[in-house]
Amino acid sequence: MRRALWFLLVVFCFVSVSLPLAAQKFTGTIRGVVTDPSGATVPGAEVTIVNTGTGEARTVTTNTEGEYVAAQLEVGTYDITVKKGSFKEAVSKGVDLHVASTATVNVALQLGNVSEQVTVEANAVQVETSTGAVGNVIEGNQVRELPLNGRSFVQLTQLMPGVSPASNFDSKNKGLMAGVDFSVNGNNTTGNLFLVDGVNNNDIGSNRTILVYPSIDAIQEFKILRNSYGPEYGQAMGAIVNIVTKGGTNQFHGGAFYFGRNDVLNATDYFNNLNGIKKDVLRRNDWGYDLGGPVVRDRLFFFWSEEWNRELRGKARAANVPTVAEKAGDFSNPRPAACENAPTIGGSVVTAVPAGQSSPLGQLLVQMFPDPNISNPVNCKNWAESLTAPIFWRQENLRVDYKLGKTWSVFGRYTQDHWSQPYPSTLGFWGDDRYPSIETSWIQPGYQATIKLTKLLGSTAVNDFQISYAANRILAQRGGTNPGLNDQITALVAPTLYYPLTDKHDGLKSGYPIFWGGLGNGANDDSLWTQAPWHNNEQLYILKDDFSKVIGAHTFKVGFLASNNQKNELVNPSDGDMPNFWGVDTGCTAPAVCPDSGNGTFNALWNQTLWGFGESQTNPFTETRWHDYEWYFGDSWKARRNVTVEYGFRWSFLRQPFAAKNKIANFQPSAYDPALGADPCNGLWLVPGTNFCQAAGLLGGVPGPNRSLKENDNHAIAPRIGIAWDPKGDGKMAFRAGIGQFFQRERLTQYLLVATNPPYSLSVGGSHPLDVAPAPGSLSASGTPAWSLDPAHQLPNTWQWNLTAERELFRDSKLEVAYVGNRGLHVIRYSDINAVPVSQLLDFAINGDNTVRPFGVDNNNCGSHPLPCGHWGTINQAGWEAGSNYHALQTLFRTRVKALDAQFAYTWSKSLADTDITNSGNAGQTGTLLDPFNPRKDYGPTLINRPHTFVANIVYNIPGFTGHNAFTRGVLGGWELASILGYSSGPSITARAAIARTG
């Protein structure tokens, strides 16, 4: 009774602390039945379970049915000793316990003296006889020995049945170059949860990247839970990728490695040859080391690893750029007419900018272009260069395990993961043009720190308490051959701004103005823009508790999670603070004439040119916050000696995100007032208690339901049921089944987007010369609602089920055959809630007339536009109304026989949905809906639908030729062969034409 009160007090204190989420169980369980020679069960037998690496021991006693259970054990190899009077001591050696798994070790005692001992070796590959979940372990031998391009563990996730990568899945890179876009059993590619020692490793902004990439040498193993897993896991409607890091043992172990790659054998790219530039560089050097062992034997252990990747990757760039003379204002020797127009003023060709009409800002802008370096260009591209990008990655990882006493132990780990790509950025990231004068250097550090405290409560109960921190940042810093040019440009732009510089997020440190389509004729048509300075960061503060208790034939487990998290991000590149120029304004009303020389470089240098522009008040900075609170209960009930029933539920309070400064707005048709027309705040929900619209002098805007502008779901109760039947009770065959519901912590992208709605970043538009500010009062601030969230409380979730049969074919080899099904509910879909009605499609296609849209028509502010006039175009809405389904036959053969370690997996499947389940948060699919008023027309095979997938991995150790001479042993013996082979059908593709309905 006193122990129960102590435990309740501890739980109460933990809850009261109100710290945050994301760790989940990464231990394992050993259980079994002890019988006598007649097959009768033996109650009261003493079972001692010893970790052979650390010496940690757990002693339990068989119950009245002869059963024993040891829950929440660390992953590792164990020896199990069973003692009972009148029987010989029985020892099962080398029992491998894997992460999130149950090892079943049944022991048959023999009559005799207790001082005698019977020893057996455990099977290396076991049939799963105790759970209805579907999941498989990537074991340490596979992690260490399989060939992995780039030494990234992510490639190993593709070895399992039911896994289908998206087209942008990256299995070899790290940092910003990487992405874990793969679907498991037809679920969204953003529906998977990555855990490292129980710590959430997802970047929840998009759920398609992860925070740290554990070094191969620091991973002990990991398990992919693919279907119908237990209630101790949540926040994912797809798979759980559960990674366990290495810890120290009573023996010192260590190693060092080096891998290299060089372009010396590479051929030169065709286009490099065409432009007469050097071969692209590709050089990579990976090296590192690790060391683990005891500080105090049987009590205190450490494991340390460090790894570096250094890569140089070249990429060719080519462009049509102004000549040196043209950048200085001399157009007396223009290039061929196919490459640029000769500048004209009043119909006459000119060779220089008229005296007194030079643009100081234009003179700086043209300096961003590199000087031509090709005398006889192909396709007018007179500049080409192969620039080399340095790509660096470094990781340090330290883990410490300490046995405080007989019933207390503590584990701690710290990992820091630094990826960087200094200038020049040749990897195709967002926000930078191709010219090297002003570029971006990228940095992405990631961090994890965790401490877990374990307490044994007698021989039948154990409690784990874990507190963790996980974070990452993305920093874009200014680089290039002339980064100071940006400061000179923004200094001249500042006096021309319509909105005061104090409204801008980055002020004078903003990027230079955007020129969509470049400067125009005579310069390449690539847009001019830059990303830096820019940043975002995520921080997850994590708390959890897991308690298990064995009572008779039941193993109960209860636990909770709590979270306090944040994501801060600039919405646009830093040049979002600056004007956006869309080209020369040629739409002046007669008799006025818009100056246009016909040559883009000349226009930039000529201060008479009118440039069409738009300017935002500021680049919004989102400060998103969210909390999650979850509880679970489960029971593993040994209904009979050969039948295990699992049941339980998880109750999730996944709170909707909110903005720290309440600067978000949600467009809702029910709040739209036709009398207010195109008022920027018309139809917008604002956070209750705020008056941002009124403070900006706007008329619309009404209070929303809460701070998140979206209802919370308080009824996310997810049941889980599983059953496992071992027909003969010998552990060689099992029939299993499971079903359950799984709720998703939705990615945060939607809250990044609704922060761009009015009134938080109003805009103006018009035209003016580069060096002259619009006249005060000449423009009216405007804004258009562009984003909406479906306010309903539904959370995305799936129902998952499986029927599975496993059979041991011969020792250390098994075959698994499963039918796996999945039904996705409330899956996210983007649509246009200001879509053109079906009856008006032809009119819109011909005239592009926004007056046919339901929202944004305002006849009182038409200006020169004829009545009626519509101001608003597409309003993208994130709605949770879509669905998906998946059915598959999945087979897996696993063997570890002598020198051979092999696995073969085959999947025959079909994935269907009425939404894009590979979408990670943008509204790109809005324009591809066949009919926004009937989305079910889009129901069909998904972009990850691959009917046939086969993957195999093999590790074979060639004999050491023991007994042969030293030369034979040294040259021919001890080699290892390892390979990964994959084959799959291509994904489904739907051919689409452009659809004008969305504008």
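Two strands count as paired if DSSP finds at least two bridges between them. All views show a predicted model.

**View 1. Strand 29 and strand 30 form an antiparallel hairpin.** Strand 29 covers residues 534–551, and 16 bridges tie it to strand 30. Asn537 faces Asn568 of strand 30 across the pair. Two residues lie between the strands of this hairpin, where Gly552 adopts a positive phi near 60°.

**View 2. Strand 30 is largely enclosed by the rest of the structure.** Strand 30 spans residues 554–570, and 13 of its 17 residues are buried. Strand 34 (residues 628–640) pairs with strand 30 in the antiparallel sense through nine bridges. There, His554 sits opposite Trp637 of strand 34. Strand 33 (residues 621–626) also runs antiparallel to strand 30, joined by six bridges. In that pairing Glu569 is opposite Thr622.

**View 3. Five strands make an open sheet with mixed pairing.** The strand order is 3-2-5-6-9. Strand 3 (57–61) and strand 9 (117–121) stand at the edges; each has a single partner strand, so one side of each lacks a neighbour in the sheet. Neighbouring strands are turned by 20° against each other on average, direction ignored. Within the sheet, strand 5 (residues 76–83) pairs antiparallel with strand 6 (residues 89–97) over six bridges. Ile80 is opposite Ser92 of strand 6.

**View 4. The second largest cavity has a volume of about 120 Å³.** Its lining holds 14 residues; closest to the centre are Gln656, Pro657, Lys710, Glu746 and Trp880. Six lining residues are nonpolar, four polar and four charged. Across the whole structure, the search finds 13 cavities of 30 Å³ or more.

Terms used: Residues numbered from 1 in each chain as written. Predicted model: local features only at pLDDT ≥ 70, side-chain atom pairs only at ≥ 80, totals over all residues. Heavy atoms only, no water. Helix = DSSP H or I, 4+ residues; strand = E, 2+ residues; numbered from the N terminus. Axes fitted to C-alpha atoms, helices over the stretch in contact; angles between N-to-C directions. 1 Å grid on protein atoms, 1.4 Å probe; cavity = no way out; pocket = protein on both sides within 12 Å on 5 of 7 lines; lining within 4 Å. Points joined across faces, edges and corners; volume = space filled by probe spheres on them. Nonpolar A, V, L, I, M, F, W, Y, C, P; charged D, E, K, R; others polar. Buried < 20%, exposed > 50% of the residue type's maximum accessible area, 1.4 Å probe, protein only.
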